[in-house]
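Student: Please take me through the sheet in this model, strand by strand. Then show me what packs against it.

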Amino acid sequence: MAYSQEITDKLRAFFSASGIHTTFEERENVALFTLRMKLSCRLQSAQMLLIVREDNFSALAQIPLSAGEDTRLAVAEYITRANFNMRNGNFELNMDDGEIRFKTYVHAGKEPLDMNAARLAITLPFVMFNRFGDGLLDVLFGFKSPREAFEAVRG
């Protein structure tokens, strides 16, 4: 077991206290939590994978849609506009298969896990999909240009 049991236990307690259902598994020196959240935008839901390592964890939230080859450059422009000036976390686009996700990361080092940072890292991806999701759909389906979609959701 090369992942942090302390981080894992604190995340487990956070999910339990928050009433968030997760699945858990151990795989190749990491602990994995999986959860699904309902969104308030037209995307409707997103799934998150939390990967716990020795002194950190990453939260990767993805949506059930991917960008087709014909829309990947437009989606890349849209998420670049969304990412600009973002202080914590970022959208990512896999240019090979079109997967769209939002990633956050928390480093604990030898210190105890900061639960305020952990809470933000877990909730922020869902908040960002809620904020930028409708514009993302407009770009994915060609209803708006990346600039038009971003301007519509930015305000």
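**The sheet and its helices**

Tutor: Start in the middle of a pairing: L35 has M48 in β3 as its bridge partner. The model is predicted, so to speak of local features pLDDT must be at least 70, and side-chain atom pairs count only at pLDDT 80 or more, while totals for chains, interfaces and linings use all residues. Residues are numbered from 1 along each chain as its sequence is written, and side-chain values use heavy atoms, without hydrogens or water.

Strands are DSSP runs of E with at least two residues, helices are runs of H or I with at least four, and both are numbered from the N terminus. Two strands pair if DSSP finds at least two bridges between them. β2 (residues 30–38) and β3 (residues 45–52) pair antiparallel over eight bridges. Further along, M37 stands opposite A46 in β3. Six residues separate the two strands in their hairpin, where Q44 has a positive phi near 75°.

β2 also pairs antiparallel with β1 (residues 23–27), over five bridges. Here E26 has A31 in β2 as its bridge partner. This hairpin leaves two residues between the strands, and E28 in the turn has a positive phi of about 40°.

F24 sits in β1. F24 is partly exposed at 31% relative accessible area (buried is under 20%, exposed over 50%, partly exposed in between, with a 1.4 Å probe and protein chains only). Beyond its neighbours within four places in sequence, F24 contacts Y3, T8, R12, A31, L32 and F33 (contact means heavy atoms within 4.5 Å). The C-alpha atoms of F24 and L50 are 9.5 Å apart, with 26 residues of separation along the chain.

Now the whole sheet. Six strands form an open antiparallel sheet in the order β1-β2-β3-β4-β6-β5. β1 and β5 (90–93) are the edge strands, each pairing on one side only. Neighbouring strands are turned by 25° against each other on average, direction ignored. Axes are lines fitted to C-alpha atoms, for helices over the stretch in contact, and angles run from 0 to 180 degrees between N-to-C directions.

Next, the helices. α1 (residues 5–18) lies across β1, β2, β3 and β4 (56–66), at about 20° to β2. α2 packs on the sheet too, touching β5 and β6 (99–107), and its direction makes about 165° with that of β5.

α2 (residues 72–83) also meets α3 (residues 115–140): their axes come within 9 Å and cross at roughly 160°. A74, V75, Y78 and A82 in α2 touch F132, G135, L136, V139 and L140 in α3.
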